[in-house]
Amino acid sequence: LDSREHFEGSHSLRLITPTENGSARIRFFPFTVRPGAIYLVSVRGKTDKEQGHNNMDKPQYFEISLGDYGTSRFQPESDWGQFVTFVTIPYFKDLPPKTNVILQMPSAGVCWFDMLQVVECADIGKCINPEFSLPGRIY
């Protein structure tokens, strides 16, 4: 935890990768997932290019995963940015009931993370405006 840099609250998570592919994988608490559901995964992040990342040939990046269901790679900047991805949970008969968000930074450098969120996306099936109709819906 680092209280010097944060987007919201009093602390952020600082991840330091001293060498390329030397990152720790951080697994957050598991939570229940629903087969067929789509999940939005969001995190705020920033980097300090002067702290530890001197190789300009390779960009600094981090990866965020929702279990083994999907991984996205992002390039942080020197200002706080929001990084968002969507992951669909497949329909498997033997689907584990819970999964974790996994955060790692395979590239060398320093990055701060804040406001990690996972939200199940909901289908909107009704609209209170009678002049607006959703495709494929019968009213």
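**View 1. I64 and its contacts in the predicted model.** Setting aside neighbours within four places in sequence, I64 touches V41, V43, G70, T71, S72, F74, T85, V101, I102, L103 and L116. The model shown here is predicted. I64 falls within strand 5 (62–66). I64 is also one of the residues with the most contacts inside the largest nonpolar core.

**View 2. The largest nonpolar core.** This core holds 19 residues. Those with the most contacts inside it are Y39, V43, F62, I64, L66, I89 and F113. Which strands each supply at least two residues of this core? They are strand 4 (38–47), strand 5 (62–66), strand 7 (81–88), strand 9 (101–104) and strand 10 (109–120). In soluble globular proteins, nonpolar side chains tend to be buried together.

**View 3. The whole chain, for orientation.** The chain has 10 strands and 0 helices. Its pattern along the sequence reads β-β-β-β-β-β-β-β-β-β. Of the 139 residues, 35% are buried. Take the contacts between residues at least 6 apart in sequence: 74% of them join residues at least 24 apart. The chain exposes about 9,100 Å², and carbon and sulfur atoms supply 52% of that area.

**View 4. An open sheet of 4 strands.** The strand order is 2-9-5-6, and the pairing is antiparallel. Which strands stand at the edges? Strand 2 (26–27) and strand 6 (71–74) do. Each has a single partner strand, so one side of each is left without a neighbour in the sheet.

**View 5. Pairing of strand 2 with strand 9.** These two strands run antiparallel and pair over 2 bridges. R27 has I102 of strand 9 as its bridge partner. I102 is also among the residues in contact with I64.

**View 6. Salt bridge between E63 and R73.** The structure holds 2 salt bridges, and this view and the next take them in turn. The side chains of E63 and R73 meet at 2.8 Å, N to O. E63 lies in strand 5 and R73 in strand 6, so the pair ties together parts that are 10 residues apart in sequence. Strands 5 and 6 are also next to each other in the sheet order 2-9-5-6. Is each partner buried or exposed? E63 is buried, at 12% relative accessibility. R73 is exposed, with a relative accessible area of 53%.

**View 7. Salt bridge between R34 and E120.** The closest N and O atoms of R34 and E120 are 2.3 Å apart. This pair links distant parts of the chain, 86 residues apart. R34 sits in the loop between strand 3 (31–32) and strand 4, while E120 belongs to strand 10. R34 is partly exposed, at 45% relative accessibility. E120 is partly exposed as well, with a relative accessible area of 35%.

**View 8. The cysteines C111 and C121.** How many disulfides does the structure have? The count comes to 0, by a rule that asks for cysteine sulfur atoms within 2.5 Å. C111 is buried, with a relative accessible area of 0%. C121 is partly exposed, at 28% relative accessibility.

Methods:
Residues numbered from 1 in each chain as written. Predicted model: local features only at pLDDT ≥ 70, side-chain atom pairs only at ≥ 80, totals over all residues. Heavy atoms only, no water. Buried < 20%, exposed > 50% of the residue type's maximum accessible area, 1.4 Å probe, protein only. Contact = heavy atoms within 4.5 Å. Areas by Shrake-Rupley, 256 points an atom, 1.4 Å probe, with all protein chains shown as cover. Core = buried A, V, L, I, M, F, W, Y, C linked by side-chain atoms within 4.5 Å. Pairing = 2+ DSSP bridges. Salt bridge = Lys/Arg side-chain N within 4 Å of Asp/Glu carboxyl O.
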